Amino acid sequence: MNMDSDSAAKGADDPDWLVDEPLGRADAAAEAPTAAPWRVLIVDDDVDVHVVTKFALSQASFQGRRLSFMHAYSGAEALALLRSTPDIAVVLLDVIMETQDAGLQVARQIREDLHNSAVRIILRTGQPGQALEHRIIIDYDINDFWCKTDLTTRKLFTTVITSLRTYATLREAQQQVADLAAALVHCGDAPAEPADGKP
């Protein structure tokens, strides 16, 4: 029996049969630039929280992009980073830092002063209170609220990935609006055609 013809016939009938890539294709893919990571800002006055959070999310990725962590230890540091880095996607924000409501003030300033509606704000606190939580959700434009003791590694991962998905969708929509506005301005600047069609 001719083994070569049998193998060829089997290969033609097998739906999982793989075709070799053209030479140079794999090398080109290997040399392709790595997608920019998602920026995640950890804001907490407890160094251990930064370490644990970064470790818990160190292997996370979304849409083929890893996470890049930035660190702030006060509300003032957080706002300075947010002003200088407009593409921060998620803020993991402690409520109580230099003051009892430092995190809440940061959240308010992100929305009202920096006019940043895209970044996802996840509040975390070590001293939860039901009334306080309800008031925060109603009064502040935040996206999630967690007690640190309840936020397991799995829940943290799920919360951050969900937030990244929403952030990506919002940024895409904002870009579409900006492109449309630019196109309308361009149309408005174009010279009008004479009514009789003559120059």
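This report describes the charged residues and nonpolar cores of a predicted model.

**Salt bridges**

A search of the whole structure finds 5 salt bridges. Three pairs are set out below, each with its closest N to O distance.

| Pair | N to O distance |
|---|---|
| Asp94 and Lys148 | 3.4 Å |
| Arg108 and Glu112 | 3.5 Å |
| Asp141 and Arg111 | 3.3 Å |

Side chains of opposite charge can pair when their charged atoms come close.

The bridge between Asp94 and Lys148 has its closest N and O atoms 3.4 Å apart. Asp94 lies in strand β4 and Lys148 in the loop between β6 (144-147) and α7 (153-189), so this bridge ties together parts that are 54 residues apart in sequence. The two partners are placed in unlike surroundings: Asp94 has 4% relative accessibility and counts as buried, whereas Lys148, with a relative accessible area of 26%, is partly exposed. The side chains of Asp94 and Lys148 also make a polar contact, at 3.4 Å. Asp44 joins Asp94 and Lys148 in a network of salt bridges.

Contacts of Asp94 reach several parts of the chain. Not counting residues up to four places away in sequence, Asp94 touches Val43, Asp44, Asp45, Gly103, Arg124, Thr125 and Lys148. The list thus includes Asp44 and Lys148, the other members of the salt-bridge network.

The two remaining pairs in the table both involve helix α5. Arg108 and Glu112 lie in this helix, 4 residues apart, about one turn of the helix. Arg108 is partly exposed, with a relative accessible area of 30%, and Glu112 is also partly exposed, at 46%.

The pair of Asp141 and Arg111 has its side chains meeting at 3.3 Å, N to O. This pair links distant parts of the chain, with Asp141 in the loop between α6 (130-139) and β6 and Arg111 in helix α5, 30 residues apart. Asp141 is partly exposed, with a relative accessible area of 46%. Arg111, in contrast, is buried, with a relative accessible area of 13%.

**Arg124: a buried charge without a salt bridge**

Arg124 is found in strand β5 (residues 120-125). Which side chain of opposite charge is nearest to Arg124, and how far away is it? The side chain is that of Asp44, at 4.8 Å. A salt bridge requires a side-chain nitrogen within 4 Å of a carboxyl oxygen, so a separation of 4.8 Å does not qualify. Arg124 is therefore buried yet has no salt bridge under this cut-off.

The side chain of Arg124 does have a polar partner: it makes a polar contact with the side chain of Thr53, at 3.1 Å. Leaving aside neighbours within four places in sequence, Arg124 is in contact with Ile42, Val49, Thr53, Leu92, Leu93, Asp94, Val95, Trp146, Lys148, Leu151 and Leu156. Both Asp94 and Lys148 appear among these contacts, and these two residues are bridged to each other.

**Nonpolar cores**

In soluble globular proteins, nonpolar side chains tend to be buried together. The largest nonpolar core of this model has 24 residues, of which Leu41, Val43, Val91, Leu93, Leu123 and Ile142 touch the most other members. The elements that give two or more residues to this core are β1 (38-43), β3 (65-72), α4 (75-84), β4 (88-94), α5 (102-112) and β5. Helix α5 gives the most, with 5 residues.

Leu123 touches Leu93, Val95, Gly103, Leu104, Ile136, Ile142, Asp144, Phe145 and Trp146, not counting residues up to four places away in sequence. Apart from the largest core lies another core, of 21 residues, among them Val90, Trp146, Leu164 and Tyr167. Trp146, a member of this other core, is in contact with Arg124 and with Leu123.

**Arg65 and the segment at Ala36**

Arg65 is placed in strand β3. With 23% relative accessibility, Arg65 counts as partly exposed. The C-alpha atoms of Arg65 and Ala36 are separated by 6.5 Å, although the two residues are 29 residues apart along the chain. The side chain of Arg65 reaches the backbone oxygen of Ala36 at 2.5 Å. Not counting residues up to four places away in sequence, Arg65 touches Ala35, Ala36, Pro37 and Trp38.

How values were computed
Residues are numbered from 1 along each chain as its sequence is written. This is a predicted model: local features need pLDDT of at least 70, side-chain atom pairs count only at pLDDT 80 or more; totals for chains, interfaces and linings use all residues. Side-chain values use heavy atoms; hydrogens and water are left out. Buried means under 20% relative accessible area, exposed over 50%, partly exposed in between (1.4 Å probe, protein chains only). Lys and Arg count as positive and Asp and Glu as negative; His and the chain ends are not counted. A polar contact is a pair of N or O atoms within 3.5 Å; within protein, one must be able to donate a hydrogen and the other to accept it, and residues adjacent in sequence count only if both atoms are side-chain atoms. Contact means heavy atoms within 4.5 Å. A nonpolar core is a set of buried Ala, Val, Leu, Ile, Met, Phe, Trp, Tyr and Cys residues joined through side-chain atoms within 4.5 Å.
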